[in-house]
Amino acid sequence: MRSTDSSASTSSGGIPDEVVVAAAKGDADAMRQLLITIRPVIVRYCRARLGRRESAFGSADDIAQEVCFAVVRALPSYRHEGVAFMAFVYGIAAHKVADFHRKASRDLSDPVGELPDSVELDAGPEQHAIEEERRALLAKLLDTLGPTQREILVLRLIVGLSAEETADAIGSTPGAVRVAQHRALARLRKSLPTLAPALV
């Protein structure tokens with residue numbers, strides 16, 4: 001059990017334990033510091049899990065904002081003993097992402113905005129189709145993994161967390177994270193010829 005007094009060490013994500021404790025007690029400056037630190041990581045996580053597409057239920061950035069609000073609401077109930085703070089945060093983020101997927105799977109509509117008044121200079125339909133194909137392939141590849149391996153790859157390779165930070169986030173050890181990452185990548189290499197023969 002780790003201490004929560006003012007001499008506490010730095011928790012995962014570079015957030016000092018005393019900042020987490022002060023924020024949980026309602027300190028506005030500590031809360032601001034906490035959100036400034038965790039928001040970019042949450043945004044990267046949500047974009048990695050949801051992509052950058054807009055949908056009827058919002059975007060990855062919208063979900064990231066919901067996660068931040070949920071962390072603020074849940075913070076008074078956070079107890080430091082036995083649960084790393086970033087694991088607490090990622091637990092909330094994972095639930096919000098799962099909720100988004102559940103809602104999206106029930107609604108097959110794909111609303112669009114009004115027709116543009118001028119020619120768009122951004123990527124055209126072909127580029128969007130290629131990107132969508134790549135996203136679908138990545139999703140298929142990730143679906144060949146178990147939930148823990150998939151989460152580890154997202155946190156390590158897309159969000160950019162260290163093995164230590166990832167271990168804190170999922171409640172594991174850095175060694176176990178490295179082993180799981182190695183096995184997951186090996187499994188993806190095996191799956192690639194079957195799922196995307198044109199790429200190998």
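**R178 and the cysteines**

Q: Is R178 buried, partly exposed or exposed?
A: Partly exposed, because its relative accessibility is 42%. Keep in mind that this is a predicted model.

Q: Which helix does R178 lie in?
A: R178 lies in helix α8, which covers residues 174-195.

Q: What does R178 touch, leaving out residues up to four places away in sequence?
A: A163 and E164.

Q: Which side chain makes a polar contact with the R178 side chain?
A: That of E164, at 3.0 Å. So E164 turns up twice: it touches R178, and its side chain makes this polar contact.

Q: How far apart are R178 and R156 in space?
A: 9.5 Å, C-alpha to C-alpha. In sequence, R178 and R156 are 22 residues apart.

Q: New topic. How many disulfides are there?
A: Zero. The cut-off for a disulfide is two cysteine sulfur atoms within 2.5 Å.

Q: Which cysteine sulfur is nearest to C46, and how far away?
A: That of C68, 8.3 Å away. C46 is in no disulfide.

Q: And C68, what is the nearest cysteine sulfur there?
A: The sulfur of C46, at 8.3 Å. C68 is in no disulfide either.

Q: Why does C46 count as buried?
A: Because its relative accessibility is 0%. Buried means under 20%.

Q: Is C68 buried or exposed?
A: C68 is buried, because its relative accessible area is 6%.

Technical notes. Residues numbered from 1 in each chain as written. Predicted model: local features only at pLDDT ≥ 70, side-chain atom pairs only at ≥ 80, totals over all residues. Heavy atoms only, no water. Helix = DSSP H or I, 4+ residues; strand = E, 2+ residues; numbered from the N terminus. Buried < 20%, exposed > 50% of the residue type's maximum accessible area, 1.4 Å probe, protein only. Contact = heavy atoms within 4.5 Å. Polar contact = N/O pair within 3.5 Å; in protein donor to acceptor, adjacent residues only side chain to side chain.
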